[in-house]
Amino acid sequence: MFDNLSDRFETIFKRMRGRGRMGEAEVDEVLREIRVALLEADVNFKVVKNLVARIKEQCVGAQLSASLSPAQQVIKIVHQELVNALGGENLKITYASKPPTVVMLAGLQGSGKTTACGKLAKWFRSQGRNPILIGCDLQRPAAVEQLRVLGGQAGVPVFSEPTDPESVAHAGLEEARRLGKDVVIVDTAGRLHVDEELMDEARRISAAVSPKYTFLVVDAMTGQDAVNVAESFHATLAIDGVILSKLDGDSRGGAALSVKEVIGRPIAFASVGEKLGDFEAFHPDRMAGRILGMGDVLTLIEKAEQAYDQDEAAAAAEKLQKGSFTLEDFLEQMQQVKKMGPIQNLVGMLPGIPKELKNAEIDEKEIGRIEAIIRSMTPEERREPQIMNGSRRLRVAQGSGTTTNEVNQLLKQFKDMQKMMRMFGKGGGGGKGRPRVPSFG
Ligand SMILES: Nc1nc2c(ncn2[C@@H]2O[C@H](COP(=O)(O)OP(=O)(O)OP(=O)(O)O)[C@@H](O)[C@H]2O)c(=O)[nH]1
Ligand SMILES: [Mg+2]
């Protein structure tokens, strides 16, 4: 999902960063590239037009902040506009003051409604609610059975009966009240195309249950079409939000970026797999970050600008690449990083850092110990750690209040890191892989 778009943005931004100052012509060129990238990602052309116009407006009106380079400034604006296009704030579910809170799902055939019903049931349970599922899809013989299976997995009762959708809706609501359920999730039938009969059925079910939330389930793989579908449903049902399904698929992502813009309703949830747990509240800012392929890199840029000496950073990066990075430089870097705040927060913001590492506890005390060890070494030892023989190691351990074991460990890790960095240096960048932060465990 969004892989191509991310790659495109990465290329655009990389080129932009190499340029330094940007005049209007440069900004225009970047905007043109962004426009093409979005169109190729199957984002609706009207949406692209508006989005690019807003980005341009912002770029022109932007007060260049001293702490960010022009390139970073543009990235920041693109990011903010993507967030807006994806819905701005995320939708917060509130509950009816007089329960039950009714949620109805609609959408084309195969868009993922029934699956989303099961996922929603599980999600509401995780929120401490007590839902019931109502199967109003009487079109497909197996539909109710499918819902029952999902309900079973989510540990939620399922109500349906072989009458007609409207009666099931009425009776289901009764049943919910009788059982004291506080959330009712209504599954409806889909068709291959929007047609009057489908809309009429959905309208009647809606009238029967008066949903607090009507969610349109949109298959993220459908691209442009999703926009027309969303428009028709919205005209009939007054959609409150969208559940984007199959985000785990290999789609270009245009639907996600278009649908909010067209119907003016946010994406509420994202479905990212076939299992019940593959479901999450949708966060426009995180998604925009993912599209731009940069984790929470904007916050990082800002933090870094505040604390980090750019020239020093560039010099260190070059040394890393050349493999001439010494323990002295290492100490220097650690000082810089420490200025930026808790290490854990920073690691979490870096793009391309493996999840395991993000969740790993990074012990600030450990960092202190490493610092003490390096400080106890002579400048010569810091530059050429290979001269660290047994007696030197013992001296450093004693001087830093650590053990020779800890000294050995640090030296070994540093050696490994240098080796790895040299490898990256030879690889000549360009690849997706980024140097990993060495672990100090
Ligand atoms: N990979 C993936 N598959 C999904 C996702 N959501 C649904 N599916 C699959 O898509 C297919 C259709 O899902 P359903 O939930 O039956 O769709 P529906 O809208 O209820 O379909 P109808 O009732 O026939 O209109 C099923 O095979 C699901 O397992 C998702 O987020 N990711
Ligand atoms: Mg279904």
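Which residues are buried in helix H19 (residues 390-400)? Keep that one in mind; we'll get there at the last stop.

**Before you click**

This is a predicted model, where local features need pLDDT of at least 70, side-chain atom pairs count only at pLDDT 80 or more, and totals for chains, interfaces and linings use all residues. Residues are numbered from 1 along each chain as its sequence is written, while chains are lettered from A and ligands numbered from 1 in the order in which they are written.

**Stop 1: the whole chain**

Show everything as a cartoon. You're looking at 20 helices and eight strands; helices (H or I, at least four residues) and strands (E, at least two) are DSSP runs, numbered from the N terminus. Of the 441 residues, 37% count as buried. Buried here means that 20 or more other C-beta atoms lie within 10 Å of the residue's own, exposed means 12 or fewer, and partly exposed is in between, with C-beta atoms placed from the backbone.

**Stop 2: strand E6**

Now select residues 241-245, which form strand E6. Five of its five residues are buried. Gly-241, Ile-243 and Ser-245 sit on one side and Val-242 and Leu-244 on the other, so to speak a strand with both faces covered.

Add residues 213-219, strand E5, which pairs with E6 in the parallel sense over five bridges. (Strands pair if DSSP finds at least two bridges between them.) Look for Asp-219, opposite Ser-245 in E6. Then add helix H9 (residues 225-237): E5, H9 and E6 make a right-handed β-α-β unit. Right-handed means that, with the strands pointing away from you, the path from the first strand over the helix to the second runs clockwise.

Next, select strand E7 (residues 267-271), which runs parallel to E6 and is joined to it by three bridges. Here Val-242 stands opposite Ile-267.

**Stop 3: ligand 1**

Click on ligand 1. How many residues surround it? There are 20, and the closest are Gly-112, Thr-114, Thr-115, Gly-190 and Ser-271. A residue counts as near if its C-beta atom, placed from the backbone, lies within 6 Å. Helix H5 (residues 113-126) gives the most to this shell, with three residues.

**Stop 4: helix H19**

Finally, select residues 390-400. The buried residues of H19 are Arg-393, Val-396 and Ser-400. Look down the helix axis: they fall within an arc of 65° (taken from the directions from the axis to the C-beta atoms), so they line one face of H19. On the other side, Gly-390 and Ser-391 are exposed. Just after the helix comes Gly-401, with a positive phi near 70°.
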